[in-house]
Amino acid sequence: MECTPSSLLTSSLYLRLVILGLIAFGFSSMISVRDFVSQITAGSVAWPGWDAVHAGFGRVDQFPRGMWAGAGKYSGFGVELKRWVPVCCALAAFLVLGTTREAGERYRAFGRIILSALGGKRVQQEEGSGDLKRCVLRLIFSSL
């Protein structure tokens, strides 16, 4: 696919997607290596079969933090890592893809649609201003 300014996949978008993929790969490989090492140090266990795996599938056990965090040297680390890595990946995705000029233009367009639907008035932007905050403030103070 040729990257031209009129195509959907520009070189800057491609570069951002590659960076996002590398960040996600780094986070997920960190979890995978940690799980792999913990499985090796725990020793081999015979496979119990699918019946044992799916037994009590809908049951969700809750344990107090003090019970699992203090169980071993790094037992709480894995739980916290699996909890926060998706959050970090989501923040990385926003920082890589959501802070660009194109994303800002789409945020402003969406904000104008929402404000016009909620306020019943069409929010007009000044030519070349591109400042949604000024439009929101104008809409708020015009209704007072």
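In helix α5, the buried residues are A103, G104, G111, L115 and S116. The helix belongs to a predicted model. Its 19 residues should span 27 Å at 1.5 Å a residue. The end C-alpha atoms of α5 lie 26 Å apart, which agrees with that expectation.

The chain around α5 is helical in pattern. It has six helices and zero strands. Read along the sequence, the order is α-α-α-α-α-α. Of the 144 residues in the chain, 16% are buried. Confidence varies along the model. The mean pLDDT of the chain is 75, and 72% of the residues score at least 70. Helix α2, residues 50–54, has the highest confidence, at 87. Helix α6, residues 132–142, has the lowest, at a mean of 60.

Helix α1 covers residues 11–42. It has 32 residues. From its first C-alpha to its last, α1 reaches 46 Å, close to the 46 Å expected at 1.5 Å a residue. R16, L20 and I31 are buried in this helix. After α1 comes G43, and the phi of G43 is positive, near 90°.

Part of α1 carries a nonpolar patch on the surface. The patch is formed by Y14, V18 and L22. Together these residues have about 300 Å² of accessible area. An α-helix has 3.6 residues a turn, so residues three or four places apart point the same way. V18 is placed in helix α1, and L22 is found there too. The two residues fall into separate accessibility classes. L22 has 56% relative accessibility and counts as exposed, because the cut-off for that class is over 50%. V18 has a relative accessible area of 33%, so V18 is partly exposed. V18 also has a distant partner in sequence. V18 and V96 are 78 residues apart in sequence, yet their C-alpha atoms are 9.9 Å apart in space.

Charged side chains provide further links. Five salt bridges are found in the whole structure. One of them joins R16 and E102, with the closest N and O atoms 3.6 Å apart. R16 lies in helix α1 and E102 in helix α5, so this pair ties together parts that are 86 residues apart in sequence. The two partners differ in exposure class. R16 has a relative accessible area of 16%, so R16 is buried. E102 has 32% relative accessibility and therefore counts as partly exposed. The pair also belongs to a network of salt bridges, in which R16, R101, E102 and E105 are linked.

E102 has another contact, with T100. T100 sits in the loop between α4 (75–97) and α5 (101–119). Is T100 buried or exposed? Its relative accessibility is 16%, so T100 counts as buried, the cut-off being under 20%. The side chain of T100 makes a polar contact of 3.3 Å with the side chain of E102. The T100 side chain also reaches the backbone nitrogen of A103, at 3.3 Å. A103 is among the buried residues of α5. E102 thus takes part in two kinds of contact: a salt bridge with R16 and a polar contact with T100.

Other salt bridges lie elsewhere in the chain. D35 pairs with R34, and the closest N and O atoms of this salt bridge are 3.5 Å apart. D35 has a relative accessible area of 23%, so D35 is partly exposed. R34 has a relative accessible area of 26% and is likewise partly exposed. The side chains of D61 and R59 also meet in a salt bridge, at 2.9 Å from N to O. D61 has 41% relative accessibility, so D61 counts as partly exposed. R59 has a relative accessible area of 61%, so R59 is exposed.

Helices α1 and α5 thus recur in this description. Helix α1 holds buried R16, and R16 forms a salt bridge with E102. Helix α5 holds E102, and the side chain of E102 is also contacted by T100 from the loop between α4 and α5.

How values were computed: Residues numbered from 1 in each chain as written. Predicted model: local features only at pLDDT ≥ 70, side-chain atom pairs only at ≥ 80, totals over all residues. Heavy atoms only, no water. Patch = residues over 30% accessible without salt bridge, like charges linked within 9 Å, V, L, I, M, F, W, Y side chains within 5 Å. Areas by Shrake-Rupley, 256 points an atom, 1.4 Å probe, with all protein chains shown as cover. Salt bridge = Lys/Arg side-chain N within 4 Å of Asp/Glu carboxyl O. Helix = DSSP H or I, 4+ residues; strand = E, 2+ residues; numbered from the N terminus. Buried < 20%, exposed > 50% of the residue type's maximum accessible area, 1.4 Å probe, protein only. pLDDT = per-residue confidence, 0-100. Polar contact = N/O pair within 3.5 Å; in protein donor to acceptor, adjacent residues only side chain to side chain. Expected span 1.5 Å × (residues − 1).
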